[in-house]
Amino acid sequence: MTDVNPPTQTASPDRAALDVSTVADLCAEIEANVADVIVGHEEAIEHVVTAMLGRGHVLLDDVPGVGKTMLARSIATSVDCTFRRVQFTPDLLPADVTGVNVFNQQSREFEFQRGPVFGNIVLGDEINRAPPKTQSALLEAMEEEQVTVDGTTRDLPDPFTVIATQNAIEPNRTYDLPFAELDRFMKKLQLGYPEPEEEAEMLGRTVGHHPIEDLESVTDLETIVAARETVAQIRVEAPVREYATRLAGYTREHARIGVSPRGTIALLRAAQARAATDARDYVIPDDVQAEAPVVLPHRIRTTDHDRDGEAVVSNALERVSVE
Amino acid sequence: MSAKSESHAGDRTADLGLDGSIGPDTFRLLALGCVLVMTASYVSVLREVTRVVGGTQSLFALVGAVIVVATVLAWTIRPRTAVVAALVAGAVGFGYYLEITGVGVDVVFSASDAILSDTVTLVAGLPLLRMVEAGVWTLAFVPAPVFLSWYLAVRSRYALAVIPGGFALIFLVLTGDAGTTVTLLGTLAAVGAVGFGELERRGGSVAQADLLAVSFALIIVLSLSVTVVPDGSGSSDHLSGGDPNTLEGAIDYSSERSGIGGSVDLSPEVRFTVESERGAYWRTGVYDRFAGDEWVRTGDASAYDGPLEEPPGEHERVRQVVTAETNLGVLPAAGQPLAIEGDLAQHTEVSAHGQFHPTTSVIEGDSYAVESAIIDPDAAELRAAGTNYPQPILEGDYLQTPESTSSEFEERTAEITADADTPYDKAVAIEAHLRSTKDYSLEVDRPNGNVAEEFLLEMDEGYCVYFATAMTQMLRAEDVPARYVTGYTAGQEVDDDEYVVRGTDAHAWVEVYFPDHGWVAFEPTPPGPRDEAHADSVEQARSDGADNVDTDSSQDVPVSDDDDESADNPDENGADDDGSDLNETDPGSDDGPDGNETDPGSDDDQSGSDDGSDGAGASVEASDRDDGLVSSLISALSVSRETAAIGLVALVGVVAGVHRTGATDRVRRTVGCYWQRRTDDPDRDTERAYRRLERVLAREYRPRERSESARSYLEALSADPDRDVGPQVATVVDRYERALYGGGVSRNEADETIELVDEFTRARLPIVGRR
């Protein structure tokens, strides 16, 4: 905490980390690139980018057709990495996600056929359409960053980010994600319908030739890994940690189930990433405040309405003292 | 108890930590101290009584023993038992008092009404000194409150402990014995005991003691500015001329007490006229108990119902008709009054010493007839009277001297009366000694302590009060029953059998008891200089054209006519010389201006003043003027000192009150907006700089919400273009965030931040700021 320490002490012995301002530039670059495809939704784009840098996964929860998949694809494309997509359907099996051992007639050995989960960015589309067993296969991979098939454990690639979508309509044809598993998503985002002028612009861009097909990557895997390391080293001082604790405490007092410690960790990681996008090597309460509305609500159960979590979080932000 | 406080002594010092907090043990000591002070306050009042009547040692011993007993019993008996024990102790003490006074305990059952009314009288302002056995009374009174309050205090029941002590103090306030200072001290101690007790119980800190300070200051200021304590010396509506700075005001300032003042003035106004076949000293008050600085009349007065008992010896009955020329609070009468006639008779009460007192004010123009017994024994008879004093005389206070009377006083008295064998000779020797060695002056500084002693041993001059006081006390030291009486000299004889008495004639003299004769008057004051001064005062007033100096019949008659005097004096002295009168004993009574004198009982005219009055009078007047200037200066100074003291106390109270309301914090915060002390820690400096900025912004725009971060607060303020929140504020916030959440700031950055904030805040100073 003294000025003897250089402000950006990011050097790590084993992994090369980037300078925090480089990370900020990188984020800006990705966001600008994605904005070529997605009209509006700047906040959502930023949230997805910061979730990726903060080693989290994102759940996009909205009605079909607002661009959830397009957003995920744009970000994956912007980074030069492996992008996989799984369309969850009621008959999808766990092995369809993780992969399966196949007997190779030529070599006369079982070979592991990697499932779609082995990608740097995995898009799980309409995840709530698959039965819980299949959902949990993906969620386990998210948590452990590894999959186990037939007794063999295999590491998933690094970085590994899941962007799942679910839609809120047709509730009788979906399997709601268990509450415990929802907790594993760092953020749950809603895109919402675009503004009229945004929609008009989007139509202008997409009618005919879709811009996603021309989208090029702006960064590579190594840069992302280094940026994630930088983000992990962003300073979170005691006042901020205490603030996060107070926020979590408030939700626990004012809801049936409040934010778990995992939720608090996720909140601070998200805040770290947001600080990095602002070229700051330390988290300020504003970062926490910016991330809390997307990081916390889906971890809160009040009575029966899922959306009540948002009200609890906004109350917490209004009431809980910053210092 | 003492063991307990010892064992906690170490803890107590430890309690006084760096933060200045004081532990409960200290508060306990303070509370116990306050209870002790409260106890001391009323014991000191009682001690004033014992100092006069004797028994101080017993009082202190009793109080000490009671405190020890209470301390021991506090650990052994329960409160209920203690209350019963205290009540029993009080009852036993009271019973003992009744036995001693000869009333008997059975009076409690037979005359409970009387006891009740006595208590009411006492509470209604009867000073303890007027009680017949005041010493015993104090001893009976003191154990119960001292025991109960200390017992409860040791048991940490401070609020209850204050009740018995407070009751005792209030009782003494109501009797008029507790003065303002003592009462104030006792009350403060009571408040302190309760307050510190609470602090001990609640584990309070010094910061909460400010409430106590406010209470103290409030009590002090209120009690000094509002006179609610019935202080004896405060009520002097007794005489119309009852200004305590006049001689008569001093000697007759209230009906039961006669004060001894310092310098006094003389009022030349006519008080009353007397038609009498012979002139006499007109007595208005008789006092028996000497308190060192004042005379007190003990015993109760009773309503006048028929003539009083005549003196045992030979006497002459003289009838006087007294007409009040102004409103009077006294009934002047010669010698030993026996009967009073007129409308005033039913408004007359008789003191235990046979003096008439009006129960209502005597209105100007009222007149009454008094018949008095004037005893006129000659020296031989008095010498032969012996010392076989009747029991009531011996039991009364006629032999009382203050406990503190020094042996030196007694030795000097013994020296003066060495050659005298009989009480009469002693009286004459003392009278002669005082007349010849002390000068007459109305300008004296009132001595501290025992006035009689000071006058005899130290002072060179004084006026009648000093002479009479000294002589009474000297006689008592020689075991001769004597009392101090006040009144007026015969006054100006304007016609045959008619006397005009003025304020200047106010006087004090001595009466000595002789078996088979009764009370015989003696005059220790040298009459010559006295009359000069007094007559001059009248002449002065006449020439100034003052009102009320003369009656119709008196104005053409000179007050001190040398011819008149010289005509009277030889006549008087002639009579004296037959041995029919006291004046025989005076050396050189025939010729000297100071030699003759005054037997109020036998002389026709007392106004004996003879020579050179002009020169002496002038010098008295001159010194009077000087003294007036000095005394007015002194009084101005003393007033200002008192005011300053009250002001100081009030200031302390205000400061504590301000502290209580948190105004000092506010002031400190406000000042802190504009100035900041630098520390070694740049991060801390930066943070404090930001706080200053925030306070100024809060005052100017709005305070930051608790849930609002510094940055969002700033953004919210900047959102309004009318608000002049410059880029330097953003810099400050950035530094602040870095100091608080980031890796810290450098010294230079911190200094820069402080300067930025200085600039920002000082530009917004309310008065000198640029905006």
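This passage describes the interface, the sheets and selected salt bridges of a predicted model.

The interface between chains A and B comes first. In the predicted model, 23 residues of chain A are in contact with 22 residues of chain B. Together the two chains bury about 1,700 Å². Carbon and sulfur atoms account for 48% of that area. One salt bridge was found across this interface. Its partners are Asp278(A) and Arg711(B), whose side chains meet at 3.5 Å, N to O. The pair qualifies because the cut-off for a salt bridge is 4 Å. Polar contacts were also counted between chain A and chain B, giving seven residue pairs, both residues at pLDDT 80 or more. On the chain A side, three helices each give two or more residues to the surface that touches chain B. These are helix H9 (238–254), helix H11 (285–295) and helix H12 (308–319). The chain A residues that touch chain B comprise eleven nonpolar, nine charged and three polar residues.

Chain A also holds an open sheet of five strands. Strands of a sheet pair through backbone hydrogen bonds, either parallel or antiparallel. In this chain A sheet the pairing is parallel, and the strand order is E3-E6-E9-E1-E10. Strand E3 (83–87) and strand E10 (187–189) of chain A form the edges, each pairing on one side only. From one strand to the next, the twist averages 15 degrees. One of the pairings joins strand E1 (residues 58–61) of chain A to strand E9 (residues 161–166) of chain A. These two strands run parallel and share four bridges. Within this pairing, Leu59(A) has Ala164(A) in E9(A) as its bridge partner. Helix H2 (residues 42–53) of chain A lies across four strands of chain A: E1, E6 (121–125), E9 and E10. The helix runs at about 160 degrees to E10(A).

Salt bridges were counted over the whole structure as well. The total over all chains is 33. One of them links Asp183(A) to Arg299(A), with the closest N and O atoms 2.7 Å apart. The two residues lie in distant parts of the chain, 116 residues apart. Asp183(A) sits in the loop between helix H6 (179–182) and E10 of chain A. Arg299(A) sits in the loop between H11 and H12 of chain A.

Chain B holds an open sheet of six strands. Here the pairing is antiparallel, and the order is E9-E12-E7-E2-E17-E16. The edges are strand E9 (336–341) and strand E16 (492–495) of chain B, each paired on one side only. Neighbouring strands of this sheet are turned by 30 degrees against each other on average, direction ignored.

Several pairings can be followed across the chain B sheet. Strand E12 (residues 367–375) of chain B is joined to E7(B) by nine bridges, and the two run antiparallel. His315(B) has Ile375(B) in E12(B) as its bridge partner. Strand E7 (residues 315–324) of chain B also pairs with strand E2 (residues 270–276) of chain B, antiparallel and over five bridges. In that pairing, Thr273(B) stands opposite Thr323(B) of E7(B). E2(B) pairs in turn with strand E17 (residues 498–502) of chain B, again over five bridges and in the antiparallel sense. There, Val270(B) has Arg502(B) in E17(B) as its bridge partner.

Note on methods: Residues numbered from 1 in each chain as written. Chains lettered and ligands numbered in written order. Predicted model: local features only at pLDDT ≥ 70, side-chain atom pairs only at ≥ 80, totals over all residues. Heavy atoms only, no water. Contact = heavy atoms within 4.5 Å. Buried area = accessible area lost by both parts, 1.4 Å probe. Polar contact = N/O pair within 3.5 Å; in protein donor to acceptor, adjacent residues only side chain to side chain. Nonpolar A, V, L, I, M, F, W, Y, C, P; charged D, E, K, R; others polar. Pairing = 2+ DSSP bridges. Axes fitted to C-alpha atoms, helices over the stretch in contact; angles between N-to-C directions.
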